[in-house]
2 protein chains.
Amino acid sequence: MNFSMEEAIAVLERTPKVLETLFTGLSDAWLVCNEGEGTWNASQVLDHLIEGEKSNWIPRLDMILSGGEGKPFPEFDRFAHLNHAAAPLSDRLSEFKKLRGDNILKLQQLVQHESQLECTGMHPAFGSVKASELIATWVVHDMTHLSQIVRVMAGRYREDVGPWIAFLSVLQPHR
Amino acid sequence: MNFSMEEAIAVLERTPKVLETLFTGLSDAWLVCNEGEGTWNASQVLDHLIEGEKSNWIPRLDMILSGGEGKPFPEFDRFAHLNHAAAPLSDRLSEFKKLRGDNILKLQQLVQHESQLECTGMHPAFGSVKASELIATWVVHDMTHLSQIVRVMAGRYREDVGPWIAFLSVLQPHR
């Protein structure tokens, strides 16, 4: 096991800044391209990350630390963000940064002792899960979606790279 | 085809800043973890990107625009960076940013007319390749390695996420 609160927070606090650096000033063409019908573009992935800050990570951690396994987490609606009319990109980048900053503070307030990381809650599909697993998942969820954003953007140039496609793993059929 | 110089440059100029945002202040644990023997850690991927700025993209573009298909590109040594003793991370981030900035200027000087994008050169493995394909590949090469960095970092928490691994595509066997 490699998890530590300090190193998890180090990644969590960087993600909004990474997206801000990548997205700000970028043309819409990069932000609205997707991988076909029913797939998300980079802008929609940002909305999904915002939704997670609002209704997934901290509420679930709170349930684990206060209620234990008595009550399962409500299902997280992984498509909720698709129903919102999108605000301007810069507003959504700021919203993500604000929510993430607030949530890192809440995380630090909720977890004051190492031993709390072993507390468990009830996942509706997985059964018993630990606080540390939830927080590690929050980190890797960021990475999954950073990876998705980069892959979706790269896909725009699938034909433009010509024969080099053979060397570019991000353009290979994805996981 | 989706390629345009302006949009390609928009991505190329962001990559060093994205890496700077992600890496600066991050603990070594995130930067030196890898996917097993013979695989690269995040820090080594940065070195590979630096090597590309020195000996791959602009020299090859220059060959295409000045020499055409008469002489094949020299092979790009994709492992050259592994032989260098690593300078401090902050120095290497600055070096990448400086080299990339200089190379974007050279790119803009070399390609003055849309028609030059159709010029061809001789790739040692692929045969005839176009200038536009080389530049598009430069962009997607950045994305391939951003994706790799994120995947390698995420892999550190493979066991820590517990059952959530099933939902985290970045932890699935990779391409």
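Okay, let's start at a single residue: B:Gly36, which sits in the loop between helix H2 (28-32) and H3 of chain B. This is a predicted model, so keep that in mind throughout. With 29% relative accessibility, B:Gly36 counts as partly exposed. Now look across to B:Val152: that residue is 116 positions away from B:Gly36 in sequence, yet the two C-alpha atoms are 9.9 Å apart.

Let's stay with chain B and move into helix H3, where you'll find B:Val45. Buried or exposed, what would you say for B:Val45? It's buried, because its relative accessibility is 0%. What does B:Val45 contact, once its neighbours within four places in sequence are left aside? The partners are B:Trp40, B:His145, B:Gln148 and B:Ile149. Take B:His145 from that set: B:Val45 and B:His145 are 100 residues apart along the sequence, with 6.8 Å between their C-alpha atoms.

Let's hop over to chain A for the tryptophan. A:Trp40 is in the loop between helix H2 (28-32) and helix H3 (42-55) of chain A. It's a loop residue, but its relative accessibility is 12%, so A:Trp40 counts as buried. The cut-off there is under 20%. Skipping anything up to four places away in sequence, A:Trp40 touches A:Asn34, A:Val45, A:His48, A:Arg78, A:Phe79, A:His81, A:Leu82, A:His145, A:Gln148 and A:Val152. One of those contacts, A:Leu82, is 42 residues from A:Trp40 in sequence, and their C-alphas are 9.0 Å apart.

Zooming out to the whole of chain A. How many helices and strands does it have? Six helices and two strands, and in sequence order the pattern runs α-α-α-α-α-β-β-α. So you go through five helices, then the two strands, then a final helix. The C-alpha trace spans about 55 × 35 × 30 Å along its principal axes. Of the chain's 175 residues, 51% count as buried. And if you take contacts in chain A between residues at least 6 apart in sequence, 73% of them join residues at least 24 apart.

Now the two chains together. Chain A superposes on chain B through a rotation of 180°, with 0.0 Å of shift along the axis and an RMSD of 0.0 Å. The two copies are therefore related as by a two-fold rotation axis. Both copies use the same surface, too: 100% of the contact residues of chain A recur in chain B.

On to empty space. Rolling a probe the size of a water molecule over the atoms shows where space has been left empty. Here the structure holds one cavity of 30 Å³ or more. The largest cavity has a volume of about 70 Å³. Which residues line the largest cavity? From chain A there are A:Val18, A:Leu22, A:Leu146 and A:Val150, and from chain B there are B:Val18, B:Leu22, B:Leu146 and B:Val150. Helix H1 (5-23) and helix H6 (131-155) of chain A, along with H1 and H6 of chain B, each supply at least two residues of that lining. As for chemistry, the lining has eight nonpolar residues, no polar ones and no charged ones.

Back in chain B, have a look at helix H4, residues 57-67. The buried residues in H4 are B:Trp57, B:Ile58, B:Arg60, B:Leu61 and B:Ile64. They cover an arc of only 160° around the axis, so they end up on the same side of H4(B). What do they pack against? The buried residues of H4(B) pack against helix H3 (42-55), helix H5 (89-110), strand E1 (120-123), strand E2 (127-130) and helix H6 (131-155) of chain B. Right after H4(B) comes B:Gly68, with a positive phi near 65°.

That glycine leads to my last residue, B:Thr120 in strand E1 of chain B. Not counting residues up to four places away in sequence, B:Thr120 touches B:Ile64, B:Gly68, B:Glu69, B:Ser128, B:Val129 and B:Lys130. B:Thr120 counts as partly exposed, because its relative accessibility is 26%. And here's a pair to set beside the earlier ones: B:Thr120 and B:Leu105 are 15 residues apart along the chain, and their C-alpha atoms are separated by 21 Å.

That's my tour, thanks.

Methods:
Residues are numbered from 1 along each chain as its sequence is written. Chains are lettered from A and ligands numbered from 1 in the order in which they are written. This is a predicted model: local features need pLDDT of at least 70, side-chain atom pairs count only at pLDDT 80 or more; totals for chains, interfaces and linings use all residues. Side-chain values use heavy atoms; hydrogens and water are left out. Buried means under 20% relative accessible area, exposed over 50%, partly exposed in between (1.4 Å probe, protein chains only). Helices (H or I, at least four residues) and strands (E, at least two) are DSSP runs, numbered from the N terminus. The arc is that of the directions from the helix axis to the C-beta atoms. Contact means heavy atoms within 4.5 Å. Copies are superposed by least squares on the C-alpha atoms of residues with pLDDT of at least 70 in both. On a 1 Å grid over the protein atoms alone, a cavity is a set of points where a 1.4 Å probe fits but cannot get out, and a pocket is an open set with protein on both sides within 12 Å along at least five of seven lines; lining residues have an atom within 4 Å of a point. Grid points are joined across faces, edges and corners, and a volume is the space filled by probe spheres set on the points. Ala, Val, Leu, Ile, Met, Phe, Trp, Tyr, Cys and Pro count as nonpolar, Asp, Glu, Lys and Arg as charged, and the others, Gly among them, as polar.
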